[in-house]
Amino acid sequence: MDEQSNRSASDPNTSASQAKNRMYGALFGIAVGDALGVPFEFRSKEDILKNPATEMIGFGSHNQPMGTWSDDTSLTLCLADSLLNGYNILDVAKKFIAWKEGKLWTARGDVFDIGITTAKSISELKHIIESAQIGELTALRYQAREQDNGNGSLMRILPLLFEIKGLKPAEQFEKIWEVSALTHKHIRAAMACFIYLKLAELILLGLAKEQAYTEMRNQVSKFWVDSNFPDSEIIHFNSTILHDIRSKSHNELRSSGYVIDSLESSLWFFMEKDNYRDTVLSIINLGEDTDTGAAIAGGLAGLYYGLESIPEDWLLNLARYDDIKSLIEKIAWRYLD
């Protein structure tokens, strides 16, 4: 991987091809991880380890056919779809509303899984738009509550990478918080997204995993100083930034709906495992919010290892495989070609 990355840095054609492969891996990585986790959602770690996830299966917790993905992938694809026409927060909000009403990017025509915060927030978006108070969409962050720290923005934020890569950190954070705040308004949720996307940006540049993680921690720490990021919030990122996430033991990890738990567990498994398959299955076997954990970790693993790292049978069993592939082709054309 390191030698290949070094070669690609001096070969623009190889670099562009590799970037496209990473893009395919990232977005399919989210969808496949999500679909793998859907049948196991809500099960405890103790229960799931009696019959751990080893392959893609159907039914289970939500009684959905094999390959069915949930709101994690739906909202990711809505964001990606919106970015085809450039960054427009109103259009992103409209696409989220269309999904909630079953009109856009559902796996099989209906919405079977939606978080409480996400559901309430999208209803709020609809009210704002119908009231013609469009400016409120960029001011949502100022209405944040402690409860707005679920993982519902982290699970869908990865497509924004292709829009913000290369921008100054302050500009990146501005857009990240704006997109995050459509459903999860708190600065902590936005910072979790920033950390995740900063690591993804460095991976996209071709850095090896260890180098990308170290550099991400350095860049985030510098951004905190430059932006006077609140100490009261920095403390929540002790395990991921101030310390190496791998200093945590496996038993300390959780895959709950809390954004910090999701960030920590996804980074831990990404750093500890050496392939896509083990990364997503391992986080699913933590139990709890299995689809979201596997979607978040799967996005990083797919980005790093590339599309070929995802088992072919998992891809081919994925709901709307051709539609997702077509969308990724359009994104690649916009941002990479």
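# A guided tour, starting at helix 6

Begin by selecting helix 6, whose buried residues are T118, A119, S121, I122, L125, I128 and I129; buried here means under 20% relative accessible area, exposed means over 50%, and partly exposed lies in between, with a 1.4 Å probe and protein chains only. The helices on this tour are DSSP runs of H or I with at least four residues, numbered from the N terminus. You are looking at a predicted model, in which local features need a pLDDT of at least 70 and side-chain atom pairs count only at pLDDT 80 or more, while totals for chains, interfaces and linings use all residues. Residues are numbered from 1 along each chain as its sequence is written, and side-chain values use heavy atoms, with hydrogens and water left out.

**Colour by confidence**

Colour the chain by pLDDT, which is the predictor's confidence in each residue, from 0 to 100. The chain averages a pLDDT of 94, and 96% of the residues score at least 70. Now select residues 1-12, where the pLDDT is below 50, and where the stretch has nine contacts in the model beyond near neighbours in sequence; contact means heavy atoms within 4.5 Å.

**Back to helix 6**

Return to helix 6, residues 116-130, and find the C-alpha atoms at its two ends, which are 21 Å apart; this agrees with the 21 Å that its 15 residues should span at 1.5 Å a residue, where the expected span is 1.5 Å times one less than the number of residues. Against which helices do the buried residues of helix 6 pack? They pack against helix 4 and helix 5, so show those two helices as well. While you are here, select S123, which also lies in helix 6 but is partly exposed, with a relative accessible area of 38%. S123 and F96 are 27 residues apart in sequence, and their C-alpha atoms are 9.7 Å apart in space. Just after helix 6, A132 takes a positive phi of about 60°.

**Helix 4 against helix 5**

Select residues 71-83 for helix 4 and residues 89-100 for helix 5, which pack at an angle of about 145° with their axes 9 Å apart. These axes are lines fitted to C-alpha atoms over the stretch in contact, and the angle, on a scale from 0 to 180 degrees, is taken between N-to-C directions. To see the contact itself, show D71, S74, L75, C78, L79, D81 and S82 of helix 4 together with D91, V92, K95, F96 and W99 of helix 5. The residues of this contact divide into six nonpolar, two polar and four charged; Ala, Val, Leu, Ile, Met, Phe, Trp, Tyr, Cys and Pro count as nonpolar, Asp, Glu, Lys and Arg as charged, and the others, Gly among them, as polar.

**Helix 8 and its cover**

Next, select residues 169-180, which form helix 8; the twelve residues should span 16 Å at 1.5 Å a residue, and the end C-alpha atoms are indeed 16 Å apart. The buried residues of helix 8 are Q172, F173, I176, W177, E178, V179 and S180. What covers these buried residues includes helix 4, helix 5, helix 7 (161-164), helix 9 (187-204) and helix 10 (209-227).

**Stops in the loops**

Move to Y258, which sits in the loop between helix 12 (238-242) and helix 13 (259-272) and counts as partly exposed at 29% relative accessibility. Which residues is Y258 in contact with, leaving aside its neighbours within four places in sequence? They are N149, N151, R188 and H236. If you also select G152, you will find it 106 residues from Y258 in sequence and 9.0 Å away in space, C-alpha to C-alpha.

Then go to N63, in the loop between helix 3 and helix 4, where phi is positive, about 55°, although N63 is not a glycine; at 56% relative accessibility N63 counts as exposed. R320, in the loop between helix 16 (312-316) and helix 17 (321-335), is another residue other than glycine with a positive phi, near 55°, and R320 counts as partly exposed at 31% relative accessibility.

**Last stops**

Finish with two glutamates in helices. E46 is found in helix 3, residues 45-50, and is exposed, with a relative accessible area of 57%. E272 is in helix 13 and counts as partly exposed at 41% relative accessibility; its C-alpha atom is separated by 29 Å from that of K325, 53 residues away along the chain.
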